[in-house]
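Here's a quick tour of a multi-chain model, with an eye on helices and chain-to-chain contacts. Have a look at it first, then read on.

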Amino acid sequence: MTTAALLDLRDVSVSFDGFRAINGLSLTLAPGEMRAIVGPNGAGKTTMMDIITGKTRPDTGSVTFRGHDLTRLDEPAIAELGIGRKFQKPTVFEALSVWDNLLLALKGLRRPHRLLFARLTPDEIRRIEGLLATIRLGAESTRAAGGLSHGQKQWLEIGMLLAQEPDLLLVDEPVAGMTDAETAETAGLLREINRTRSVVVVEHDMDFVRALDVTVTVLHEGAVLAEGPLDTVSNDPRVIEVYLGR
Amino acid sequence: MSTHFSFRSARWTALLVVVLALVLALASLLPQGSALSVSPFVVTLCGKYLSYALLALAVDLVWGFAGILTLGHAAFFALGAYGMGMYLTRAIGARGVYGNADLPDFMVFLSWHRLPWYWWGSDHFLVGVVLMLGVPAVLAGLFGWLAFRSRVSGVYLSIITQALTYALMLAFFQNGLGFGGNNGLTGFKDVLGFDLTAPSTRAVLLALTGVILGAVLMGARALMGGRYGRVLVAVRDTESRTRFLGYRPEQVKLVVWIVSALIAALGGALYVLQIGIVNPGEFAPANSIEAVIWVAVGGRGTLTGAVIGAVLVNFGKTLFTAILPEFWLYGLGALFLATTLFLPNGVMGLLRHVPRKRDEEVTPEITNPEGSNA
Amino acid sequence: MRKAGLAFTLCLALVLGSPCAPAGAQEATPDPYAQLASPHFDAIIAGIEALGRSGDDKALATLQALGAHKLMAGSEGVYIHAGTGLVDARTGQQNADIDPASLHPVRVNNRVRLVLATARAELLLAQGSRAEKHDALSRMLTHPDASMLPALDHASADPANKSLRSEFEAARAAILLSPGAPPVALNEQLTAVSAIKKTGGLGARSLLTRAAALEALAPQTREAAKKAVASIDFRLRLWSYAQDLFYGVSLSSVLLLSAMGLAITFGVMGVINMAHGELMMVGAYTTFVVERLIASYIPALSPFSLILALPAAFVVSGGLGILIERGVIRFLYGRPLETLLASWGVSLILQQAVRSVFGPSNVAVTTPGWLGGAFALGGLEITTVRLAIFLFAIAVMAALMLVLRRTPLGLHMRAVTQNRRMAALMGIRTARIDALTFGLGSGIAGLAGVAVSQIDNVSPNLGQGYIIDSFLVVVFGGVGNLWGSLAAALALGLGGKGLEPLIGAVSGKILLLVLVILFIQRHPRGMFPMRGRGIES
Amino acid sequence: MTSLPPVSRRAFARFTLAASAAMLAGTGRARAAAPSGEPIKIGILHSLSGTLAISEATLKDVMLMLVDIQNRKGGLLGRPIEPVVVDPASNWPLFAEKARQLLSVDKVASVFGCWTSVSRKSVLPVFEELNGILFYPVQYEGQECSRNVFYTGAAPNQQAIPAVDYLMSEDGGGARRFALIGTDYVYPRTTNQILQAYLKSKGVADSDIMVNYTPFGQSDWQTIVSQVKAFGSAGKKTAVISTINGDANVPFYKELGAQGITATDIPVMAFSVGEEELAGMDTKPLVGQLAAWNYFESIDTPANKAFIADWHKFTRNPKRTTNDPMEAHYIGFNLWVQAVEKAGTTDHDKVIAAMVGLRQPNLTGGIAQVLPNHHITKPVYIGEIQDDGQFNVVWQTPHEVPGQAWSPYVPETAHLTGDWTAPINCGNYDTQKKACLGSRHA
């Protein structure tokens, strides 16, 4: 079973200044799976993302992605392996146009000396236009990304994520600040994406999680508290304690 | 605002620079006294401004586009100047004060008996070119590799670039180093057999500087307008994000850093050809800061602004050191104050207030040198 | 006084070519008082030596006056400038007839000063108080003169001088080992060597080195002297490490002082304050102005003008800082790199302003007597002013810590720098705190300026010499961390002074800069990085 | 003595001086009523800002005064003299640029300026190319002899060698051990090289010579002063010969005082410390320390007295000091005036030709004569620092010493001579090969 896993976190711990942010966390993701991660503030959700993407190195434990040991790689190497990440706060290149944001995210050229003399190819144009259509920003393609609305930025970032053509997407609170309609659309988009890629979604919004209809992992104090379908999990007394207690 | 496309004008600036340099160079060859003739003084002065403009461009590339505030770029300029100076010194040959064909005057003077190894081959122009471009490039590569790899950024980076040029200044001031100490290298006679004081040589050098500046402007524009330039801006503004996209910011920055050092070195080499002296004072941290200020005055991240700023500030300096020698520093100081307070985007910002498409309603100037740090 | 000096040099100029000497110089047994009035150094020296041998109390008064620049020469003789008027040195009588304008100071050069000191020692040995005798003996120890042996032996025999026995012996030993000494038994020579060796230090080394080369001494004595030199050298070498340590600490305290203000304006507020050096310069000039004002109006307080300059410099530089903050910096928050450009402009203006007002040259800031000189601590030579700067640096650091940690201002400062919006919401007037913080940093720069005025040039360029080192200290130590600045200053100071004897000051400095660069490459946030949002936010 | 605090008086003098300078520069012709016609322009090339302003700004003022005086005497050739003041800002390339501006744009008849050797070296090619005339007023290391420069400051044999002679004499303390302390640049290096050769020729052993170089602006002298102290504890009379440059002197002397080194024990002979530098120091601990110059303010001659009076009047500051380079400009300016009058024109070639052999009384009662090597004759004085910030002359050469461009103590230049008169007409003439070296002055 472990060999078949796409992403495998085993007994991972990390602490900052004596504070254990992640504490013996283990998590396995099968290829093609979509997983929702929920948990109260400080449960270690973002730190877990940081560990997977190479931003933070775990103190102990192993992290493997398709057999590659992620703890030995840095962010760009992990990104090139096929893990894409969307931040909680939309992070796009504000001084660049929407088009350029997507161009930079396109899978392909990364080495600076190749970039120096890179020319736009018809294939790239086609791909970008496809993405623009997907994220519904075709009309804004020449606008500077900094001028987009919050929701548009979220979508642009999802578009950039798709442009990377990753095997695994890590999505941190994609619907924060979105309207209900936008939230529903985003859920649809993620499900669409999940047809070809694995996805990990971190989210607070229970309606959204419900709409995704996937296995839910509840994190608490840096470790897995419960795992399973949303209905099972939400009836778990420990989860209720964590969310509602005190 | 420093959107990505604020340097379109660079093409016209390049054209203008080349045309002006050629016109001035030609005019200087007209018989003195005729209505259109230009004195050698003006030619040298323009040559100096244009060499400085190259330095300003180099600073603009790393500061305006990569967000690296360098306080040590004069080091590359000076190293380029020293590289060219070494060749020019050797070209004096036996025509020095002591008539020693093998040793430069200052070495005879200090009772050196042999040429130090790092001077070998410097009598060949090509070796001189390798020295003048290669040494700054290698130094920049080494420094940049170390600094960017360990993610030194912001003021830390600024301060260590300053420490770098300061250390080099102290080193070059030492007579024991073999570069003429405080006096530096001077008293040059000719380059590739052409008399450096001849009006025709001066004219050609000015024209050459103009053409090189134009070419560098065009090159920089192409580079910054292309995919690499976009990645650079992305790195500047949001370095961590580019990492998650699979880019290696340290490599991206290293490339522009080395290119910029090369441009600065080129400026230094052209400078020494026209000014005729290079000494450790060129490494002074104040020089690097001034270069940054030229860019700020002209408008950061605009390429054209760097050229305008360098020429404008230096022209002002020439003018006011002559007409208001006691008070010009007040003016210079006030200029920097006024620029930062009232013209955050420099002269280019002023020019761009002329009505233009208002589609660039983007983020405020991002001055955070870090990019964001999550 | 100066006029008289000029008139006299005119005479000198003539003398050097043609004779203009008083007729008295030709007499067979010259009158020492008349000799003092001569323009010839040879005659003056002969006069001093004669007075020294005379054992006369008027002679002592005359020589004391000469040492204090109070002895005036006229055509008739020499006169002592007493508080009330002129006193004829020969008679000790007040002389009201002499026109002071006709007098000129007795000529002095270094040779005269040497002879004068010896002659005074000789006289004091006979007539002085115990303390004066003690001084005279230490003078004889460091500057032995064979001609003084009889006087020394005479005084030594006096039972009243019993308590100075060992000093007498040392002085006698020094004379016995110097050129021109009367030959004595080998035994006595060897005793002399060990007596000198016991006094230790550079003076003893100098005497013994000379003795080792003196043909007149016995070979065994010279051998013993050589050995003694070697042993002193060994001891001195050991002490020299401690001495280097002191130099290092002293340099560190200067670095720390100059960096502390910057640690506030740059470290805490994030303003890349290139005018920091100029704020120090303003502090140094304030010292100068305060000193002049006090010298003009309340001369009695002159020795303490330096102390009075401290609050003045703090207020002036601090006030200037507040002005800069309100006028310029506050428009640039959030744009740290633009503060660099603007403050560079400010620094140019300040430099030129000082140049316009005080002139481009250095101005003289005096070191008060109580800060001058040095004292020995074992084999260590502690210069008072350096020690004072060290203590001052510690005091300023402690005070600053106290302000930051224990006062409401400090609390507000930290609140504002950590979370400006929240602080504002809690009712802190952030604008005021900004101005005060910048003022505090600037005021400390002013204090550093006062300290620096005691060891360095006070010129419009003063600030330029400190700005780079200050930034290095703050950055190397870790921005926003005062302890880091302390550690960095110590590292740079001790490192610099430790390297200086090995590879020279410049190469040492270059090496240190390279090391700092490499260190920052490895530890991009300095030695003691501040957690959380510091300068970057 | 008035009760006005010196600060404000000084400040006041500053402002009025600046104002009068501006007035002179702008409306020089209006003040000089007698002379008429096209003004003769002269260039003043001294830094008014940057690190050298400390020393050079005064020289600009003295030039303005000399021009003012000359204009009141009726100008030159019946025409007024107009000073063109520029600020090279202590920046060597800017020196070259400003020199070019003065010569090719303002077309000045002559230039008075430069301070450090490198500033002179950087303008030298410009003066040679444009055939200008430069009067250089500062003591320097020699080893140069340009047709276009008149060296009115001291060459090493006019300052350094006599100073060593004095230190070794009985009056000077009979020193036999020497610490040569200098700033690391060409002037101290060359001077020390010459001195080392000279000391050896006088029988001083290598082990009795200590040489140390420090960078510009050295401010921490603890280690070096303690080294000197240890060096002086070898039982021989020790003296320090200091070629420390301007700014670094104050902390050096402060450290000497702090470590208790007095002039009677280890005298320090300085070549770059004059009245102007002393004005920035507390001289009490320095009494007896020495300096060698060709002029001291304290030398009492009618000419000097008049000069000082003029200076105080011109600067409206009765405390402004005078110093050696100022006298050099006084001599240089008057020599140039004589040469122009003799030639009847300001034409550079004719003036250069007219210069050699001219005689001008200096301020200390002697005569400065222009030698064929474009140096002048100068008396050498040794002064001791007094507690009033002045020097007390304790020794002087019996006659003026002619300046040597090339040092006989440096092997490479021992056989070189400069002679800008026919038939040699060469700055670096090899007396052995009977040939002019290099092509510098073809």
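The expected span of a helix is 1.5 Å times one less than its number of residues. With that in hand, take helix H11 of chain C in this predicted model: the helix runs over residues 219-268, 50 residues in total, and reaches 69 Å from first C-alpha to last, close to the expected 74 Å. H11(C) isn't straight throughout, since there's a kink of about 40° centred on C:Leu262. After H11(C) comes C:Gly270, with a positive phi near 80°.

Over in chain B, the unreviewed UniProt entry lists several stretches as "transmembrane region", among them residues 155-173 and 203-223. Here's how those two look in the model:

| Span in chain B | End C-alpha distance | Helix | Strand |
|---|---|---|---|
| Residues 155-173 | 27 Å | 100% | 0% |
| Residues 203-223 | 30 Å | 100% | 0% |

Now for the contacts. Where chains B and C meet, 37 residues of chain B and 34 residues of chain C take part. On the chain C side, helices H14 (336-358), H19 (464-477) and H21 (505-522) each supply at least two residues. H14(C) gives the most, with 12 residues. That side of chain C splits into 25 nonpolar, 4 polar and 5 charged residues.

Chain C also touches chain D, through 64 residues of chain C and 57 of chain D. The elements of chain D that each supply at least two residues include helix H1 (6-31), helix H2 (53-72) and strand S15 (391-396). By class, the chain D side has 22 nonpolar, 22 polar and 13 charged residues.

How values were computed: Residues are numbered from 1 along each chain as its sequence is written. Chains are lettered from A and ligands numbered from 1 in the order in which they are written. This is a predicted model: local features need pLDDT of at least 70, side-chain atom pairs count only at pLDDT 80 or more; totals for chains, interfaces and linings use all residues. UniProt positions are given in the numbering used here, feature names are shortened, and annotations may be inferred rather than shown by experiment. Helices (H or I, at least four residues) and strands (E, at least two) are DSSP runs, numbered from the N terminus. The bend at a residue is the angle between axes fitted to the seven residues ending there and the seven starting there. Two residues are in contact if their C-beta atoms, placed from the backbone, lie within 7 Å. Ala, Val, Leu, Ile, Met, Phe, Trp, Tyr, Cys and Pro count as nonpolar, Asp, Glu, Lys and Arg as charged, and the others, Gly among them, as polar.
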